[in-house]
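Thanks, everyone, for making the time. I would like to walk through one structure with you this morning, starting with its overall layout and ending with its interior.

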Amino acid sequence: MQVAIAALAHKGIRRDKIDHAQVRADFTGELIKIYPSKLKSYLYDMQLAGNQADYSGESVSRKAASVSLSKLQEMFAYIEKEISDDKL
């Protein structure tokens with residue numbers, strides 16, 4: 001979620017209170033034109049895995065954690081590139 005918040009902040013979109021649903025809505029509505037559309041589902045998928053690990057009492061499988069990590073790394077790379085390119 002933090003990488004999406006950084007991407008939003010970079011484009012001047014800030015909220016006083018960080019709400020996961022609002023971050024997803026802002027990212028999907030405002031930034032999905034810049035990033036690949038598959039990232040739209042990444043935020044939701046990663047939040048589900050995080051919620052399971054943090055609040056359900058159930059463990060997240062090694063495979064699910066690996067998939068989430070891969071998605072995060074991919075999303076981070078896209079956002080890092082966009083922010084870096086804007087600085088040039």
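What follows is a description of the fold, then of the charged pairs, and then of the nonpolar core.

Please keep in mind throughout that this is a predicted model. The protein chain has four helices and zero strands, so that, in the words of the definition we use for such runs, the elements read α-α-α-α from the N terminus on. Along its principal axes, the C-alpha trace spans about 45 × 25 × 20 Å. The chain holds 88 residues, and buried residues make up 27% of them. If we take the contacts between residues at least 6 apart in sequence, 54% of these join residues at least 24 apart. The accessible surface comes to about 6000 Å², and carbon and sulfur atoms account for 51% of that area.

Let me turn to the charges. There are 13 positive and 12 negative side chains in the protein chain, and the centres of the two sets lie 3 Å apart. How many salt bridges does the model contain? The count comes to six, and I will take several of them in turn.

One of them joins Arg15 and Asp26, whose closest N and O atoms are 2.9 Å apart. Arg15 sits in the loop between α1, residues 2-10, and α2, residues 20-31, while Asp26 belongs to helix α2 itself, and the pair therefore ties together parts that are eleven residues apart in sequence. As for their surroundings, Arg15 is partly exposed at a relative accessible area of 47%, whereas Asp26 is buried, with a value of 7%.

Another salt bridge is formed by Lys38 and Glu74, with 2.5 Å from N to O. Here Lys38 lies in the loop between α2 and α3, the latter covering 39-56, and Glu74 lies in helix α4, residues 62-87, so this pair links parts that are 36 residues apart in sequence. Lys38 counts as partly exposed at 37% relative accessibility, and Glu74 is also partly exposed, with a relative accessible area of 23%.

The side chains of Asp45 and Lys71 make a further salt bridge, at 2.7 Å from N to O. Because Asp45 is in helix α3 and Lys71 in helix α4, this pair ties together parts that are 26 residues apart in sequence. Is Lys71 buried or exposed? Lys71 is buried, with a relative accessible area of 17%, which falls under the 20% cut-off, while Asp45, at 30%, counts as partly exposed. Beyond these pairs, Lys11, Glu82 and Asp86 are joined into one network by salt bridges that share partners.

That brings me to the interior. As a general point, nonpolar side chains in soluble globular proteins tend to be buried together. In this model the largest nonpolar core has 18 residues, and the members that touch the most others are Phe27, Tyr35, Met75 and Ile79. Each of α1, α2, α3 and α4 supplies at least two residues of this core, and the largest share, five residues, comes from α1.

Which residues does Met75 contact, once its neighbours within four places in sequence are left aside? Met75 is in contact with Val3, Ala4, Phe27, Leu39, Tyr42, Leu43 and Met46. Phe27, then, appears both in that list and among the core members that touch the most others.

I will stop there and take your comments.

Conventions. Residues numbered from 1 in each chain as written. Predicted model: local features only at pLDDT ≥ 70, side-chain atom pairs only at ≥ 80, totals over all residues. Heavy atoms only, no water. Buried < 20%, exposed > 50% of the residue type's maximum accessible area, 1.4 Å probe, protein only. Contact = heavy atoms within 4.5 Å. Areas by Shrake-Rupley, 256 points an atom, 1.4 Å probe, with all protein chains shown as cover. Lys, Arg positive; Asp, Glu negative; His and termini not counted. Charge placed at Lys NZ, Arg CZ, Asp CG, Glu CD. Salt bridge = Lys/Arg side-chain N within 4 Å of Asp/Glu carboxyl O. Core = buried A, V, L, I, M, F, W, Y, C linked by side-chain atoms within 4.5 Å.
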